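User: I am new to this structure and would like a close look at a single part of it, namely how some of its strands are arranged and what surrounds them. Please take me through it step by step.

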Amino acid sequence: MTIRLYNTLTKRTEPFVPLDGKAVRIYSCGPTVYNFAHLGNLRAFLFTDILQRVLRVVGGYNVRWVMNITDVDDKTILGSALCSQTWLPEMGGQTSDANANLRLFTDYYSKAFFDDLAAIGIQKSDFVAIPRATDYIAEMQDLIRRIFDAGFAYISEGSIYFNLNEWRKHAKYGRLFTIDAENFQQGVRIDADEYDRESVSDFVLWKARKDGEPYWDFDINGVSLPGRPGWHIECSAMGQSLLGLPFDIHTGGVDLRFPHHEDEIAQSMAGYGCETSNFWCHNEFLEVEGRKMSKRFGNFFTLRDLMNRGLEALDIRFAMMSAQYNSVLNFTFFGIESAAKARRRVQEFIYDLHEPPTAESNTVVNTEELQEQLYSALADNLHTPKALERLFAFMNENRPINIAASSRNALLGVFGKMNDIFAVWEIKPRPSREIPEKVKILAERRWQAKKERNFAEADALRAEITLAGYAMKDGKDSYTLENI
Ligand SMILES: [Zn+2]
């Protein structure tokens, strides 16, 4: 089935076809590992996870997914600095070597990041490569040299800058994001990794060494420039090294369109002489309780914060799929409760489909049509809410017990395909709840005590049964035991 995706580069929703006709090469801007991942970060990775799953399951493509780890930038350097308050004992003791400290600091948050990703259903093995920026310094230096030799970079006070004015004579700057002409500031240099569109000017490719900060040696045309890479050059070099240019899809949050992705396009075109990516796909922001997530509003949450409140990571994954990736998602505590209930409802339906059919099980389901409808919703720019709406409509119209034995396997196959994308259910029979012998004896004793109207004894035994994790429900002539 043809998958259609909104392409920020062309500002249109277009049919997707891999450039080499076979494998889909995806590059995702990964985390900057200086802190624990918050909900906004996770939405970006969940979006790409859904994208790559839809491409595999609905499109039938092989996917080569690369996500980088930004382990050198302004934030990670600040966090790993000597005497930094963000240094935790778990990271090990700081040394006098700033490069080693940076590695220890970012190792800690990389591990935490992958633990969080695993909790929401994304495994390291889903990627073909997870490059760390500091392992690709030589490739970044090679690209900077190419840009320099092509005449689009210059050296100033030990740093190297991209010459935007020169570049704009050759190509458009502002392909993903509209930039007003008056915002271009000639001859101004920006050293920060992030900047706003009010002052678009020469951005840094390589930053001069600062005392006490990590650095790498760099010799460019006989000039020694010890320092470290700017943030934007990292993704350009890693994407080219691991996937080749142009690759099929570049992903990231909308906030990365400018300057990060705009700079990536300019650098790769200036240095490698080709486009970066055929499609650029960006996920929208996430709000919490109707407002931009911010520590100031008290609505800033990491995944760990929410799990500490007793929420399940897979309910969070499912809740995020209630909105299409390119619309603003309002994450609320009420919404996550509804998502948890909806997720369990699907799970119960799957369990019930495994139960033996009865005399009433005679509804034959057109499973091919159902799958087609679900797939076409997902193929429509990853419209997860539309697919879920169809799934729930089907569940509202059908009770598992009524479904004919002949339709059940095919229907479980459809739920299995949905789970290959949503990844929040288990496609298997309801786990058996074997009641321990001890609990059965307690229940029998309590039933006798009740019959003998010895209510104090019966109540004491009920408390013991509850403590063991079971609920005893009395009927007229018998009782049942259930898991709590
Ligand atoms: Zn990036």
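Analyst: Two strands are said to pair if DSSP finds at least two bridges between them. With that in mind, and remembering that this is a predicted model, one can begin with an open sheet of three strands, whose order is β15-β14-β16 and whose pairing is mixed. Strands β15 (291-292) and β16 (329-331) stand at the edges of this sheet, each with a single partner strand, so one side of each is left without a neighbour in the sheet. Strand β14, covering residues 286-288, is joined to β15 by two bridges, and these two strands run antiparallel; within that pair, Glu 287 of β14 is placed opposite Lys 292 in β15.

Strand β13 can be looked at next. Six of the seven residues of β13 (residues 277-283) are buried, so this strand is largely enclosed by the rest of the structure. Strand β12, made up of residues 247-253, runs parallel to β13 and is joined to it by six bridges, and His 250 faces Trp 280 of β13 across this pairing. Between the two strands the chain passes through helix α7 (residues 257-272), giving a β-α-β crossover from β12 to β13 that is right-handed.

A pair of helices completes the tour. The axes of helix α11 (residues 367-379) and helix α12 (residues 384-397) come within 7 Å and cross at roughly 160°, which means that α11 is roughly antiparallel to α12. Residues that make the contact include Leu 370 and Leu 374 of α11, together with Leu 391 and Phe 394 of α12.

Conventions. Residues numbered from 1 in each chain as written. Predicted model: local features only at pLDDT ≥ 70, side-chain atom pairs only at ≥ 80, totals over all residues. Buried ≥ 20, exposed ≤ 12 C-beta atoms within 10 Å, placed from the backbone. Helix = DSSP H or I, 4+ residues; strand = E, 2+ residues; numbered from the N terminus. Right-handed = clockwise from strand over helix to strand, strands pointing away. Axes fitted to C-alpha atoms, helices over the stretch in contact; angles between N-to-C directions. Parallel < 35°, antiparallel > 145°, perpendicular 65-115°, else oblique. Contact = placed C-beta atoms within 7 Å.
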